[in-house]
Amino acid sequence: KGYRANNGPGYAYDGMNQNFSGYASYGRPEVPYAKACYGSVFAPFDWGSGSVIHTGSFNTRGDAGGAVKISVKGAMHLDGTINADGTHEYDTAPTGGSIYLDVGVLSGSGSISAAAGTIGQPVDRRGSGGRIAIYESLNSMHGAFEGKIKAYGGFWGSNHTGCGTIYLESGDDIP
């Protein structure tokens, strides 16, 4: 649900070389066509940026992660998955998207993920990770969430792409 392939503020491609799109960080900072990071760490509402559309025998798309916003005044129990990951693609995976949670208390053992898309194997990622911000307004059960929060960037050989951002704030943190 994010930017489609060949689109987005972080889409970076020079017409010949592999693309490592950026969002929360640079996808591949050493290339001259890399785009600057965009969006907010504290209020992430942006879509991730897509990667290249391959033609011919590959015929794949690199669609990025979208934006998820959930507000719950009371307790939110998560044992499932909230996902704004980029898609699986041939060799130039897109970025993760954004997740913004504004809850009273977050509990459970589920997964919250705004990771770069995968290529080849599900563990091989390229492109920048996305952004996640979680605000808990009540502090009576602070730290009750025991699940995973992921904003993975990628890597390719010795070339590391940028990681995403994760911001957590609870009622205990507010003066």
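Select strand E3, residues 98-107. In this predicted model, nine of the 10 residues of E3 are buried, so the strand is largely enclosed by the rest of the structure.

Keep E3 on screen and add its partners. Strand E1 covers residues 67-77; E1 and E3 are parallel and share nine bridges. To find one point along this pairing, pick Ala75, which stands opposite Val105 in E3. Next show strand E7, residues 131-136. E7 also pairs with E3 in the parallel sense, here over six bridges. Val103 is a useful marker for this pairing, with Glu136 of E7 opposite.

Now switch to side chains. Which residues have the most contacts inside the largest nonpolar core? Select Ile99, Leu101, Leu106, Ile112 and Ile132, which hold that place in a core of 14 residues. Strands E3 and E7 are the elements that give two or more residues to this core, and E3 gives the most, with four.

Centre the view on Ile99 and display what surrounds it. Leaving aside residues up to four places away in sequence, Ile99 touches Pro44, Val68, Ile82, Ala84 and Ile112, together with Ser113, Ala114, Arg131, Ile132 and Ala133. Two of the names in this list, Ile112 and Ile132, also appear among the core residues with the most contacts.

Follow Ile112 out of the core into another sheet element. Strand E4 spans residues 111-113 and is joined to E8 by three bridges, the two strands running parallel. The bridge partner of Ile112 in E8 is Ile149.

Widen the selection to E2, E4 and E8. These three strands form an open sheet in the order E2-E4-E8, with parallel pairing. Which strands stand at the edges? They are E2 (81-83) and E8 (148-150); each has a single partner strand, so one side of each is left without a neighbour in the sheet. Look along the sheet to judge the twist: on average, neighbouring strands are turned by 5° against each other, direction ignored. As background for any such sheet, strands pair through backbone hydrogen bonds, either parallel or antiparallel.

For the last stop, select Ala43, in the segment before strand E1. Is Ala43 buried, partly exposed or exposed? Its relative accessibility is 30%, and because buried means under 20% and exposed over 50%, Ala43 counts as partly exposed. Then add Tyr100 and draw a distance between the two C-alpha atoms: Ala43 and Tyr100 are 6.8 Å apart in space, although 57 residues separate them in sequence.

Note on methods. Residues numbered from 1 in each chain as written. Predicted model: local features only at pLDDT ≥ 70, side-chain atom pairs only at ≥ 80, totals over all residues. Heavy atoms only, no water. Pairing = 2+ DSSP bridges. Axes fitted to C-alpha atoms, helices over the stretch in contact; angles between N-to-C directions. Core = buried A, V, L, I, M, F, W, Y, C linked by side-chain atoms within 4.5 Å. Buried < 20%, exposed > 50% of the residue type's maximum accessible area, 1.4 Å probe, protein only. Contact = heavy atoms within 4.5 Å.
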